[in-house]
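Open the model in your viewer and keep the selection tool at hand. The stops below tell you what to pick and what sits there.

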Amino acid sequence: MNIVVLCKQVPDTESRIKLKGDGSGFDMEGIKWILNPYDEYAVEEALKIKEAGKAEKVTVVGLGPDRIVEALRTALAMGADEAVHVKTGDDYGDNLAVAKALAAAVKDLNPGLVLTGRQAIDTDMGAVQSMVAELLGCGQVNVVSKIEVDGGKFKAWRDIEGGAKQVVEAQAPVVMSANKGLNEPRYASLPGIMKAKRKPVAVKEPAAAVTKAKLTACSLPEERKAGKVFQGVESVPEVVKLLRTEAKVI
Ligand SMILES: Cc1cc2nc3c(=O)[nH]c(=O)nc-3n(C[C@H](O)[C@H](O)[C@H](O)COP(=O)(O)OP(=O)(O)OC[C@H]3O[C@@H](n4cnc5c(N)ncnc54)[C@H](O)[C@@H]3O)c2cc1C
C-alpha cells in the first residue's frame, strides 16, 4: 500500500500578517513559512504506518508556488520517500480548484490511504480533504486521533463533543484528516535533512483552475486600545468603578 500525505505550506503562527495596500489580500512579503502543523501529524502517522511494515511508500503532495517545496522538504526530512509539487503561481484558485488539482496528482499515485490535516491553520477552510475524497470517489474520515491498519482495512477513532469517541471502519482507498493528539510529530534529524536534499520532487503542472468562489476582500481586526496602568492601593476605588462602568464585568 502507498500512502499519500497532502502538505500545505502556511505562514508561521508567529508571523505578523499585513494587508495589501488595496485590501485585496494579505501581503506575504517577509513571512516565515512552515509546514501546516496538522499536516505534520499526518506525515508522522504515515511514517509510523510504514515503519510498522504496513505500507511501502510515503509520498507527500503540495500545491502552490516554488516556495512550497521547502514544506515538502520538511516532510522528506522527517522521512517521507518522495514528493510531488503541483506547481502554480501565487494565485491559483478556490477550494474546489485546489482540490481538483490535488486529486489529479493523488490519483496518479494510486494510494490506499490519503492523509491530510484537519484544517490549514492559515485559511481554516477544512474543505480540501472532503473535496479530494469526493473527487477520488473514496470514503473519508475527518478529525481522527487514532488509526489502526489491517491490510486494506482501517479503523479510526474520532474525538467528538464532550470527550466522547467515535470508531469508524473504512476500506482502502480512504482519505483521513489528522487531529492534534494523533501522535507526536518527530523532528527532522540532521541526516534526515541531508538525505531530503537528494530525495525526488516531481513537478506537475495543474490544469487551468476554474474558480467558482472569488476572494474579494480581507480585513484585520481593529487595533486594541492601550491598557490602563494603576498604581498603589489608593487606586482600588477607581479600578472598581471602571470595571463597573467601562469594562462592565462586575
Ligand atoms: C497557490 C495558491 C493560490 C490560491 N489562490 C486563490 C485564489 O485565487 N482565490 C481564492 O479564493 N483562494 C485561493 N487560494 C486559497 C485556496 O482556496 C485555499 O488555500 C485552499 O482551498 C485550501 O483551503 P485551506 O487553506 O483553508 O485548507 P483546508 O481546507 O483547511 O486544508 C485541509 C487540508 O487539506 C490539505 N491542503 C489544503 N491546501 C493544500 C495545498 N495547497 N497543498 C497541499 N495540501 C493542501 C492539507 O492537508 C490541509 O491540512 C489559493 C491557495 C494557494 C495555495
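**Stop 1: the ligand.** Begin with the ligand and L63. A polar backbone atom of L63 sits 3.0 Å from a nitrogen atom of the ligand. The model is predicted, so read each distance here as a computed one. Now pick M125. One of its polar backbone atoms is 2.7 Å from an oxygen atom of the ligand. Move on to V128, where a backbone N or O atom is 3.0 Å from a ligand oxygen atom. Then widen the selection to the surroundings of the ligand. There are 34 residues around it, and K8, D39, N95, T123 and G126 come nearest.

**Stop 2: the whole protein.** Zoom out. You should count six helices and 13 strands. Along the principal axes, the C-alpha atoms fill a box of roughly 70 × 45 × 40 Å. The protein has 250 residues, and 39% of them are buried. Turn on contacts between residues at least 6 apart in sequence: 69% of these join residues at least 24 apart.

**Stop 3: helix α1.** Select residues 37-51. How far apart are the end C-alpha atoms of this helix? They are 21 Å apart. That agrees with the expected span, because 15 residues at 1.5 Å a residue should cover 21 Å. Next, colour α1 by burial. Its buried residues are Y38, D39, Y41, A42, V43, E44, E45, A46, L47 and I49. D39 deserves a second look: this buried residue of α1 is also among those that come nearest to the ligand. Step past the helix to G53, which follows α1 and has a positive phi, near 80 degrees.

**Stop 4: the nonpolar cores.** Select I3, V5, V60, L115 and M176. These have the most contacts inside the largest nonpolar core, a set of 37 residues. Several elements supply at least two residues each: β1 (2-6), α1, β6 (57-64), α2 (69-78), β8 (113-117), β9 (139-150), β10 (153-160) and β12 (174-178). Which of them gives the most? It is α1, with seven residues.

Stay in this core and centre on V60. Leaving out residues up to four places away in sequence, V60 touches V5, C7, V43, L72, A75, L76, A80, E82, A83 and V84. V43, one of these partners, is a buried residue of α1.

Another core lies apart from this one. Its 19 residues include V4, L109, V114 and C138.

**Stop 5: the cysteines.** Select C7 and C138. How many disulfides does the model have? The count is zero. A disulfide needs sulfur atoms within 2.5 Å. The cysteine sulfur closest to that of C7 is in C138, 17 Å away, so the gap is too far for a bond. C138 is accordingly in no disulfide. Check burial next. C7 is buried, at a relative accessible area of 5%. C138 is buried too, at 14%.

**Stop 6: H85.** Pick strand β7, residues 82-87, and find H85 in it. Is H85 buried or exposed? It counts as buried because its relative accessible area is 1%, and the cut-off for burial is under 20%. Show the polar contact of its side chain: a polar atom there is 2.8 Å from the backbone oxygen of G64. Then expand to its contacts. Setting aside neighbours within four places in sequence, H85 is in contact with G62, G64, P65, D66, I68, V69, L72, V201, A202, V203 and K204. L72 is a link back to an earlier stop, since V60 touches it as well.

**Stop 7: backbone details.** Three spots remain.

- Select A172 and P173. A cis peptide bond joins them, with omega about 0 degrees. P173 sits in the loop between β11 (164-171) and β12.
- Select N110. Its phi is positive, near 50 degrees, in a residue other than glycine. N110 belongs to the loop between α3 (95-109) and β8. With a relative accessible area of 63%, N110 is exposed.
- Select D124. Here phi is positive again, about 55 degrees, and D124 is not a glycine. Look for D124 in the loop between β8 and α4 (128-136). Its relative accessibility is 45%, so D124 counts as partly exposed.

Key
Residues numbered from 1 in each chain as written. Heavy atoms only, no water. Helix = DSSP H or I, 4+ residues; strand = E, 2+ residues; numbered from the N terminus. Expected span 1.5 Å × (residues − 1). Buried < 20%, exposed > 50% of the residue type's maximum accessible area, 1.4 Å probe, protein only. Core = buried A, V, L, I, M, F, W, Y, C linked by side-chain atoms within 4.5 Å. Contact = heavy atoms within 4.5 Å. Near = heavy atom within 4 Å. Polar contact = N/O pair within 3.5 Å; in protein donor to acceptor, adjacent residues only side chain to side chain.
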